[in-house]
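Trainee: I've got a protein model open and I'd like to practise giving reasons for what I say about it. Can we go through it together?

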Amino acid sequence: MDKEYLDEIPENLLNASQAIALSYDGETAPTLVAKGDDDLAQAIIQLALQAQVPIYENAELSQWLSKLELGDEIPQAIYLTIAEILAFVYKLEGKEPTMT
């Protein structure tokens with residue numbers, strides 16, 4: 001694992017008690033692929049770190065998304081919020097979104 005990547009992870013992430021994972025294919029709305037509290041949350045976070053998946057920390061959004069069932073698409077009401085997060089991740093990765 002790239003040490004520089006781990007150096008950028010906030011310390012409080014290691015103590016997070018809730019985690020949510022979304023998947024986005026660029027074609028359909030992002031879907032909830034993992035969620036968990038306590039030990040399961042830490043396992044989700046550790047898997048993300050190992051895979052160098054960008055992590056965005058927002059307790060309120062995480063709590064709201066945890067009400068969804070696994071496999072659910074995010075509701076249209078929060079498209080803008082998730083789009084802003086995705087744009088931030090794209091920028092971190094040096095990517096530009098494509099316009100179709």
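Trainee: Let's start with the whole chain: what percentage of the 100 residues in the protein is buried?

Mentor: Buried residues make up 26% of the 100. Keep in mind that this is a predicted model.

Trainee: How many helices and strands are there, and what pattern do they follow along the sequence?

Mentor: You'll find four helices and two strands. Read along the sequence, the pattern is α-β-β-α-α-α.

Trainee: And what supplies the exposed area of the protein?

Mentor: The protein exposes about 7300 Å², and carbon and sulfur atoms supply 52% of that.

Trainee: Now a residue. Why is Gln42 called buried?

Mentor: Set the value against the cut-off: buried means under 20% relative accessible area. Gln42 has 19% relative accessibility, so Gln42 counts as buried. Its place is in helix H2, residues 38–50.

Trainee: What does Gln42 touch, if we skip residues up to four places away in sequence?

Mentor: Gln42 touches Leu13, Leu14, Asn15 and Ala16. With Ala16 there's a further detail: a polar atom of the Gln42 side chain lies 2.9 Å from the backbone oxygen of Ala16.

Trainee: What makes that a polar contact?

Mentor: The cut-off for a pair of N or O atoms is 3.5 Å. The distance here is 2.9 Å, so the pair falls within that cut-off.

Trainee: Ser62 next. Why does Ser62 count as buried?

Mentor: Same kind of reasoning. Ser62, in helix H3, has 11% relative accessibility, and because buried means under 20%, Ser62 counts as buried. Leaving out residues up to four places away in sequence, Ser62 touches Gln18, Ala19 and Ile20.

Trainee: How far apart are Ser62 and Ala19, in sequence and in space?

Mentor: They're 43 residues apart in sequence, yet their C-alpha atoms are 6.7 Å apart in space. For the protein's contacts between residues at least 6 apart in sequence, 60% join residues at least 24 apart.

Trainee: Why is Val33 called partly exposed?

Mentor: Partly exposed sits between the two cut-offs, 20% and 50%. Val33 is at 47% relative accessibility, so Val33 counts as partly exposed. Val33 belongs to strand S2, residues 31–37. Not counting neighbours within four places in sequence, Val33 is in contact with Ala21, Leu22, Ser23 and Leu70.

Trainee: And where is Glu69 relative to Val33?

Mentor: Along the chain they're 36 residues apart, and 8.9 Å separates their C-alpha atoms.

Trainee: What about Thr28: why partly exposed?

Mentor: Thr28 is at 41% relative accessibility, and since that lies between 20% and 50%, Thr28 counts as partly exposed. Look for Thr28 in the loop between strand S1 (18–23) and S2. The C-alpha atoms of Thr28 and Glu73 are 8.4 Å apart, with their places 45 residues apart along the chain.

Trainee: Which residues make up the largest nonpolar core?

Mentor: Nine residues: Ala29, Leu32, Leu61, Leu65, Leu68, Ile74, Ile78, Ile82 and Ile85. Helix H3 (59–65) and H4 are the elements that give two or more residues to this core. There's also a second, separate core of seven residues, including Ala16, Ala41, Ile44 and Ile45.

Trainee: Why might nonpolar side chains gather like that?

Mentor: In soluble globular proteins, nonpolar side chains tend to be buried together.

Trainee: What does Ala29 contact, beyond its neighbours within four places in sequence?

Mentor: Ala29 is in contact with Tyr24, Glu73, Ile74 and Tyr79.

Trainee: Which residues form the nonpolar patch on the surface?

Mentor: Tyr56, Phe88 and Leu92, with about 340 Å² of accessible area together.

Trainee: What makes Phe88 fit for a patch?

Mentor: A patch residue needs over 30% relative accessible area. Phe88 has 45%, so Phe88 passes that cut-off and counts as partly exposed. Phe88 lies in helix H4, residues 79–92.

Trainee: Last one: what stands out about phi in Asp38 and Gln52?

Mentor: For Asp38, in helix H2, phi is near 55°, a positive value in a residue other than glycine. Phi of Gln52 is likewise near 55°. Gln52 lies in the loop between H2 and H3 and, at 34% relative accessibility, counts as partly exposed.

Technical notes:
Residues numbered from 1 in each chain as written. Predicted model: local features only at pLDDT ≥ 70, side-chain atom pairs only at ≥ 80, totals over all residues. Heavy atoms only, no water. Buried < 20%, exposed > 50% of the residue type's maximum accessible area, 1.4 Å probe, protein only. Contact = heavy atoms within 4.5 Å. Areas by Shrake-Rupley, 256 points an atom, 1.4 Å probe, with all protein chains shown as cover. Patch = residues over 30% accessible without salt bridge, like charges linked within 9 Å, V, L, I, M, F, W, Y side chains within 5 Å. Salt bridge = Lys/Arg side-chain N within 4 Å of Asp/Glu carboxyl O. Core = buried A, V, L, I, M, F, W, Y, C linked by side-chain atoms within 4.5 Å. Polar contact = N/O pair within 3.5 Å; in protein donor to acceptor, adjacent residues only side chain to side chain.
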